[in-house]
Amino acid sequence: MPTKKEREIIFNKFNGRCAYCGCELTKGWHVDELEPCIRNHRWDRQKRKFVHDGTYQHPERLNIDNQMPACASCNINKHSESLEGFRQLIAGFLKSLNRDSTQYKIAKRYGFIQEVEKPVVFYFETFN
Ligand SMILES: [Zn+2]
(Lines give C-alpha, C1' and ligand atoms only; values in the text may rest on other atoms or scores of the structure.)
Protein backbone atom coordinates (compact mmCIF):
# COMPACT_ATOMS: atom_id res chain seq x y z
CA MET A 1 0.00 0.00 0.00
CA PRO A 2 1.44 3.36 -0.98
CA THR A 3 1.77 5.97 1.76
CA LYS A 4 -0.30 9.16 1.63
CA LYS A 5 2.73 11.02 0.23
CA GLU A 6 3.28 8.33 -2.45
CA ARG A 7 -0.42 8.48 -3.40
CA GLU A 8 -0.04 12.21 -3.88
CA ILE A 9 2.97 11.71 -6.18
CA ILE A 10 1.11 9.01 -8.15
CA PHE A 11 -1.97 11.24 -8.40
CA ASN A 12 0.12 14.04 -9.88
CA LYS A 13 1.93 11.89 -12.47
CA PHE A 14 -0.57 12.94 -15.14
CA ASN A 15 -1.99 16.09 -13.52
CA GLY A 16 -4.75 14.25 -11.68
CA ARG A 17 -5.93 12.28 -14.70
CA CYS A 18 -6.32 8.55 -15.26
CA ALA A 19 -3.17 7.16 -16.90
CA TYR A 20 -5.28 5.06 -19.25
CA CYS A 21 -8.44 6.90 -20.35
CA GLY A 22 -7.39 10.40 -19.27
CA CYS A 23 -10.55 11.23 -17.30
CA GLU A 24 -10.23 13.48 -14.28
CA LEU A 25 -9.67 11.37 -11.19
CA THR A 26 -12.29 11.69 -8.51
CA LYS A 27 -12.50 10.56 -4.90
CA GLY A 28 -11.85 6.83 -4.68
CA TRP A 29 -9.38 6.71 -7.59
CA HIS A 30 -7.18 3.61 -7.73
CA VAL A 31 -3.45 2.95 -7.77
CA ASP A 32 -2.77 0.49 -10.59
CA GLU A 33 0.43 -1.46 -11.21
CA LEU A 34 1.39 -0.99 -14.88
CA GLU A 35 3.17 -4.34 -14.81
CA PRO A 36 0.76 -6.34 -12.64
CA CYS A 37 1.99 -7.66 -9.31
CA ILE A 38 -0.86 -10.23 -9.02
CA ARG A 39 -2.15 -11.00 -5.51
CA ASN A 40 -1.93 -14.55 -4.18
CA HIS A 41 -5.12 -15.90 -2.66
CA ARG A 42 -6.02 -18.66 -0.25
CA TRP A 43 -9.35 -20.29 0.49
CA ASP A 44 -10.96 -18.87 3.64
CA ARG A 45 -13.27 -21.56 5.02
CA GLN A 46 -15.22 -19.19 7.28
CA LYS A 47 -15.78 -16.57 4.57
CA ARG A 48 -16.26 -19.34 1.99
CA LYS A 49 -14.27 -17.46 -0.61
CA PHE A 50 -10.73 -16.81 -1.78
CA VAL A 51 -9.01 -13.98 0.08
CA HIS A 52 -5.71 -12.17 -0.54
CA ASP A 53 -3.07 -13.86 1.59
CA GLY A 54 -0.92 -10.73 1.77
CA THR A 55 1.68 -11.94 -0.75
CA TYR A 56 2.22 -11.13 -4.44
CA GLN A 57 3.63 -12.95 -7.46
CA HIS A 58 5.77 -9.90 -8.29
CA PRO A 59 6.20 -7.88 -5.09
CA GLU A 60 9.06 -5.96 -6.72
CA ARG A 61 6.45 -4.28 -8.94
CA LEU A 62 4.86 -2.58 -5.94
CA ASN A 63 6.89 0.56 -6.41
CA ILE A 64 6.04 4.09 -7.34
CA ASP A 65 7.72 3.90 -10.79
CA ASN A 66 5.37 1.05 -11.74
CA GLN A 67 2.28 2.55 -10.09
CA MET A 68 -0.20 4.49 -12.16
CA PRO A 69 -3.16 6.65 -11.19
CA ALA A 70 -6.31 5.05 -12.58
CA CYS A 71 -10.03 5.60 -12.47
CA ALA A 72 -11.91 2.72 -10.86
CA SER A 73 -13.36 1.57 -14.18
CA CYS A 74 -9.98 1.35 -15.98
CA ASN A 75 -8.37 -0.36 -12.98
CA ILE A 76 -11.15 -2.90 -12.62
CA ASN A 77 -11.22 -3.67 -16.36
CA LYS A 78 -7.41 -3.91 -16.60
CA HIS A 79 -7.51 -6.31 -13.65
CA SER A 80 -4.24 -8.25 -13.74
CA GLU A 81 -3.63 -7.76 -17.47
CA SER A 82 -0.41 -6.45 -18.91
CA LEU A 83 -0.64 -3.16 -20.77
CA GLU A 84 -0.85 -4.96 -24.13
CA GLY A 85 -3.46 -7.34 -22.75
CA PHE A 86 -5.53 -4.35 -21.61
CA ARG A 87 -5.10 -2.73 -25.05
CA GLN A 88 -6.40 -5.89 -26.75
CA LEU A 89 -9.30 -6.10 -24.33
CA ILE A 90 -10.42 -2.54 -25.19
CA ALA A 91 -9.82 -3.13 -28.91
CA GLY A 92 -12.31 -6.00 -28.67
CA PHE A 93 -15.11 -3.94 -27.07
CA LEU A 94 -16.71 -2.89 -30.39
CA LYS A 95 -16.83 -6.48 -31.55
CA SER A 96 -18.60 -7.61 -28.39
CA LEU A 97 -20.98 -4.62 -28.43
CA ASN A 98 -21.94 -5.45 -32.02
CA ARG A 99 -22.41 -9.10 -31.08
CA ASP A 100 -24.09 -8.82 -27.67
CA SER A 101 -25.77 -5.46 -27.11
CA THR A 102 -29.17 -4.91 -28.67
CA GLN A 103 -29.24 -1.34 -27.34
CA TYR A 104 -25.88 -0.62 -28.97
CA LYS A 105 -26.94 -2.12 -32.30
CA ILE A 106 -30.21 -0.15 -32.32
CA ALA A 107 -28.50 3.11 -31.30
CA LYS A 108 -26.02 2.54 -34.13
CA ARG A 109 -28.81 1.89 -36.65
CA TYR A 110 -30.52 5.14 -35.61
CA GLY A 111 -27.29 7.07 -36.18
CA PHE A 112 -26.37 7.79 -32.58
CA ILE A 113 -23.11 5.90 -32.82
CA GLN A 114 -20.37 6.25 -35.38
CA GLU A 115 -17.57 3.75 -35.13
CA VAL A 116 -14.01 4.71 -36.02
CA GLU A 117 -11.11 2.42 -36.68
CA LYS A 118 -8.11 3.52 -34.70
CA PRO A 119 -5.50 2.06 -32.44
CA VAL A 120 -6.01 2.06 -28.66
CA VAL A 121 -3.74 4.80 -27.31
CA PHE A 122 -3.54 5.34 -23.57
CA TYR A 123 -3.48 8.82 -22.09
CA PHE A 124 -0.05 8.40 -20.52
CA GLU A 125 1.39 7.46 -23.94
CA THR A 126 0.49 10.91 -25.25
CA PHE A 127 1.37 12.82 -22.09
CA ASN A 128 4.62 14.73 -21.81
ZN1 LIG B 1 -9.61 5.56 -16.74
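**Zinc site, hairpin and aromatic cluster in a predicted model**

The structure, which is a predicted model, holds 0 disulfides. Four of its cysteines are instead found at a metal site, where the protein donors of the zinc ion are the SG atoms of Cys-18, Cys-21, Cys-71 and Cys-74, at 2.3 to 2.4 Å from the ion. Along the chain, these donors follow the spacing C-x2-C-x49-C-x2-C. The 4 donor atoms subtend angles of 102 to 115° around the zinc ion, and the arrangement is therefore tetrahedral, since four donors are assigned to this class if all angles lie between 85 and 135 degrees. For reference, the ideal angle at a metal with four tetrahedral donors is 109.5 degrees.

The accessibility of the zinc donors was examined residue by residue. Cys-18 has a relative accessibility of 0% and therefore counts as buried, and Cys-71, at 13%, is likewise classed as buried. Cys-21, by contrast, has a relative accessible area of 45% and is partly exposed, because the partly exposed class lies between the limits of 20% and 50%.

The second region considered is the hairpin of E2 and E3, which has 4 residues between its strands. Strand E2, comprising residues 39–44, pairs with E3 in the antiparallel sense over 5 bridges. Within this pairing, Arg-39 stands opposite Tyr-56 in E3, while Asp-44 stands opposite Lys-49 in E3. In the loop between E2 and E3 lies Arg-48, a residue that has a positive phi of about 55° although it is not a glycine. The relative accessibility of Arg-48 is 66%, so this residue counts as exposed.

A positive phi is also found at His-79, which is not a glycine and for which the value is about 50°. His-79 is placed in the loop between helix H2 (72–78) and H3, and with 62% relative accessibility it counts as exposed.

Tyr-56, whose place is in strand E3 (residues 49–56), also provides a link to the loop between E1 and E2, where Ile-38 is located. Tyr-56 and Ile-38 are separated by 18 residues in sequence, yet their C-alpha atoms are 5.6 Å apart in space. When residues up to four places away in sequence are not counted, Tyr-56 touches Cys-37, Ile-38, Arg-39, Asn-40 and Leu-62; one of these contacts, Arg-39, is also the residue that stands opposite Tyr-56 in E3. On the same basis, the contacts of Ile-38 comprise Thr-55, Tyr-56, Gln-57 and Ser-80. Both members of this pair have intermediate accessibility, in that Tyr-56, at 22%, counts as partly exposed, and Ile-38, at 29%, is also assigned to the partly exposed class.

Aromatic contacts were then considered, and a search of the whole structure finds 10 aromatic pairs. In the pair formed by Tyr-20 and Phe-86, the ring centres are 5.6 Å apart and the planes stand at 90°, so that the pair is edge-to-face. This pair links distant parts of the chain, with Tyr-20 in the loop between helix H1 (4–11) and strand E1 (30–33) and Phe-86 in helix H3 (residues 83–91), 66 residues apart. The two residues are both withdrawn from the accessible surface, as Tyr-20 is buried with a relative accessible area of 3%, and Phe-86 is buried with a relative accessible area of 2%; these assignments follow because buried means under 20% relative accessible area. Tyr-20 and Phe-86 also belong to one aromatic cluster, which is formed together with Phe-14, Phe-122, Tyr-123, Phe-124 and Phe-127.

How values were computed:
Residues numbered from 1 in each chain as written. Predicted model: local features only at pLDDT ≥ 70, side-chain atom pairs only at ≥ 80, totals over all residues. Heavy atoms only, no water. Donors = N, O, S within 2.8 Å, 3.2 Å for Na, K, Ca; no water. Tetrahedral: all angles 85-135°; square planar, octahedral: opposite > 155°, others 65-115°. Buried < 20%, exposed > 50% of the residue type's maximum accessible area, 1.4 Å probe, protein only. Disulfide = S-S within 2.5 Å. Helix = DSSP H or I, 4+ residues; strand = E, 2+ residues; numbered from the N terminus. Contact = heavy atoms within 4.5 Å. Pairing = 2+ DSSP bridges. Phe/Tyr/Trp six-rings, centres within 6.5 Å; stacked < 30°, edge-to-face > 60°.
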